[in-house]
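Open the model in your viewer and keep the sequence panel beside it. The tour goes from one selection to the next.

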Amino acid sequence: DEAQRVLGSEKDGWGGPLSVFLRQAVDARVAGKPVHIINVRDLHDPTDPYQQPELLRHGSHNIIGQPGASFVAPVSEIFADTDVQNVDVTSLSIPIMTLRAAVLKATGIDLLSHEAALSRIVFAVVGTHSNIRIYNTANTLRNELACPNVVTCPHLAASPLAEAHRLTFGQ
């Protein structure tokens, strides 16, 4: 239910809030606006002993080469229309050096050495993992990496508490 609320369905033309938001971001990028998409996703290798704690705790999910690691519609179609920087992670944490490289490649700004330039970046943190991970990522960018412009929206993120989102929409 929560994934369908966030993404929409084929019947409604993938009209969920996250799908619409991502399509607008891609359209802005195609139109020449300085919009970049950095996609953080779980991608696991069950043969890597360092990834075992994550897989034992959360089960075998997003295994490299398996259908569960593929982008679902409509995200696969939306991302096909533009350049997306992928940050693949193997645990609940986001590796700072990989995120740094993705931001540098997308924007030309180094998160760790161009503090003055950070004010030119607005991070809109959205996703479908859970609102907890989204808020933690936004908090890290804003309060630990001193990126001054970080926004998020609970309507664009999945939640472990579907009722929280249903109440927002008056359902």
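Leaving aside its neighbours within four places in sequence, which residues is L111 in contact with? Select L111 and show what surrounds it: the contacts are L99, R100, V103, L118, F123, L145 and C147. Bear in mind throughout that this is a predicted model.

**The cores**

Keep L111 selected and add F123, V125, L141, C147 and V150; these six have the most contacts inside the largest nonpolar core, which has 16 residues. Helix 5, strand 3, helix 6 and strand 4 are the elements that give two or more residues to this core. Helix 6 gives the most, with 3 residues. A second core, separate from this one, has 13 residues, including L18, L22, F79 and L156.

**Helix 6**

Now select residues 131–144, which form helix 6. How far apart should its ends be? With 14 residues at 1.5 Å a residue, the helix should span 20 Å, and its end C-alpha atoms are 19 Å apart, which agrees. Colour N131, R133, I134, T137, A138 and L141 within this helix, since these residues are buried. To see what covers them, show strand 1 (37–42), strand 2 (84–89), helix 5 (96–107), strand 3 (123–127) and strand 4 (150–157), which are among the covering elements. After helix 6 comes A146, and its phi is positive, near 60°.

**Q85**

Go to strand 2 and pick Q85. Is Q85 buried or exposed? Its relative accessibility is 8%, and buried means under 20%, so Q85 counts as buried. Its side chain makes a polar contact with the side chain of D83, at 3.2 Å. Further along the sequence, beyond four places either way, Q85 is in contact with I37, I38, N39, A102, K105 and A106.

**Two loop residues**

Select I94, in the loop between strand 2 and helix 5. I94 has a relative accessible area of 24% and is therefore partly exposed. Not counting residues up to four places away in sequence, I94 touches V40, V87, V89, L99, R133 and T137. Of these, R133 and T137 are also among the buried residues of helix 6, and L99 appears in the list of contacts of L111. Draw a distance from I94 to S113: they are 19 residues apart along the chain, and their C-alpha atoms are separated by 19 Å.

Next pick V72, in the loop between helix 3 (52–58) and helix 4 (75–80). V72 counts as partly exposed because its relative accessibility is 47%. Draw a second distance, from V72 to L7: 65 residues separate them in sequence, and the C-alpha to C-alpha distance is 9.7 Å.

**The whole chain**

Finally, clear the selection and show the whole chain as a cartoon. How many helices and strands does the chain have? There are 7 helices and 4 strands, and from the N terminus on they run α-α-β-α-α-β-α-β-α-β-α. The radius of gyration is 16 Å, close to the 16 Å that the globule rule gives for 171 residues, so the chain is as compact as a globular protein of that length. Along the principal axes, the C-alpha atoms fill a box of roughly 45 × 40 × 30 Å. Buried residues make up 36% of the chain. Switch on the surface: the chain exposes about 9900 Å², and carbon and sulfur atoms supply 55% of that area.

Terms used: Residues numbered from 1 in each chain as written. Predicted model: local features only at pLDDT ≥ 70, side-chain atom pairs only at ≥ 80, totals over all residues. Heavy atoms only, no water. Expected span 1.5 Å × (residues − 1). Buried < 20%, exposed > 50% of the residue type's maximum accessible area, 1.4 Å probe, protein only. Contact = heavy atoms within 4.5 Å. Core = buried A, V, L, I, M, F, W, Y, C linked by side-chain atoms within 4.5 Å. Polar contact = N/O pair within 3.5 Å; in protein donor to acceptor, adjacent residues only side chain to side chain. Rg over C-alpha atoms; globule rule 2.2 N^0.38 Å. Areas by Shrake-Rupley, 256 points an atom, 1.4 Å probe, with all protein chains shown as cover.
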